[in-house]
Amino acid sequence: MASNAAVPFWRAAGMTYITYSNICANLVRNCLKEPFKAESINREKVHFSLSKWADGKAQKPVLRSDQPEV
């Protein structure tokens, strides 16, 4: 029972730290007043590239975003 006390509450709730962190960040962003709210929402967008590897060489990278396509 002592080992359960050391478990972070986000882990006990069945979520990962990234999920917990994203929820907290969204709550903080929504509490901001304009124009700071709009600026922080624009900064939350993340873009990255993925490259598949074949025969030890990287293929052409594909740009991705964490935002859903509109």
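In which loop does Asp-55 lie? In this predicted model, Asp-55 is placed in the loop between strand 2 (53-54) and strand 3 (57-58). The backbone at this position has a positive phi of about 55 degrees, although Asp-55 is not a glycine. Asp-55 counts as exposed because its relative accessibility is 81%, and the cut-off for that class is over 50%.

The setting of this loop can be described from the order of the elements. The chain contains four helices and four strands, and from the N terminus on these run α-α-α-α-β-β-β-β, with the helices thus preceding the strands. Of the 70 residues of the chain, 4% count as buried. The accessible surface of the chain comes to about 6500 Å², and 60% of that surface belongs to carbon and sulfur atoms. When the contacts in the chain with a separation of 6 or more are considered, residues 24 or more positions apart account for 0% of them.

Aromatic side chains were examined next. A pair of aromatic rings is described by the distance of the centres and the angle of the planes. A search of the whole structure finds three aromatic pairs. One of them is formed by Phe-9 and Tyr-20, whose rings lie 5.3 Å apart, centre to centre, with 90 degrees between the planes, an arrangement that is edge-to-face. This pair links distant parts of the chain, since Phe-9 is in helix 2 (residues 9-12) and Tyr-20 is in helix 3 (residues 17-31), 11 residues apart. The two partners can also be described by their accessibility: Phe-9 counts as exposed at 57% relative accessibility, whereas Tyr-20 counts as partly exposed at 24%. In a further pair, the rings of Trp-10 and Tyr-17 have their centres 5.4 Å apart and their planes at 65 degrees, so this pair is edge-to-face as well; the angle meets the cut-off because planes over 60 degrees apart are placed in that class. Trp-10 counts as buried, with a relative accessibility of 16%, while Tyr-17 is partly exposed, with a relative accessible area of 46%. Taken together, Phe-9, Trp-10, Tyr-17 and Tyr-20 form one aromatic cluster.

Helix 3 also holds Arg-29, and this residue counts as buried because its relative accessibility is 18%, which falls in the class defined as under 20%. What does Arg-29 contact when its neighbours within four places in sequence are left aside? The partners are Lys-37, Ser-40, Ile-41 and Glu-44. For one of these partners, Glu-44, the separation from Arg-29 is 15 residues along the chain, and the C-alpha atoms of the two residues are separated by 9.4 Å. Glu-44 can be related to a second residue of helix 3, namely Asn-22, which is partly exposed, with a relative accessible area of 44%. Asn-22 and Glu-44 are 22 residues apart in sequence, and in space their distance is 9.8 Å, C-alpha to C-alpha.

Beyond helix 3, the chain passes through a loop that leads to helix 4 (36-43), and Pro-35 is found in this loop. The peptide bond from Glu-34 to Pro-35 is cis, with omega near 5 degrees.

Two cysteines were described by their accessibility. Cys-24 counts as partly exposed at 29% relative accessibility, whereas Cys-31 counts as exposed at 65%. The number of disulfides found in the model is zero, where a disulfide requires a pair of cysteine sulfur atoms within 2.5 Å.

On the surface, a nonpolar patch of about 240 Å² is made by Val-46, Phe-48 and Leu-50. Among these residues, Leu-50 has its place in strand 1 (residues 47-50). Leu-50 is described as partly exposed because its relative accessible area is 42%, a value that lies between the limits of 20% and 50% used for the buried and exposed classes.

How values were computed:
Residues numbered from 1 in each chain as written. Predicted model: local features only at pLDDT ≥ 70, side-chain atom pairs only at ≥ 80, totals over all residues. Heavy atoms only, no water. Helix = DSSP H or I, 4+ residues; strand = E, 2+ residues; numbered from the N terminus. Buried < 20%, exposed > 50% of the residue type's maximum accessible area, 1.4 Å probe, protein only. Contact = heavy atoms within 4.5 Å. Areas by Shrake-Rupley, 256 points an atom, 1.4 Å probe, with all protein chains shown as cover. Patch = residues over 30% accessible without salt bridge, like charges linked within 9 Å, V, L, I, M, F, W, Y side chains within 5 Å. Salt bridge = Lys/Arg side-chain N within 4 Å of Asp/Glu carboxyl O. Phe/Tyr/Trp six-rings, centres within 6.5 Å; stacked < 30°, edge-to-face > 60°.
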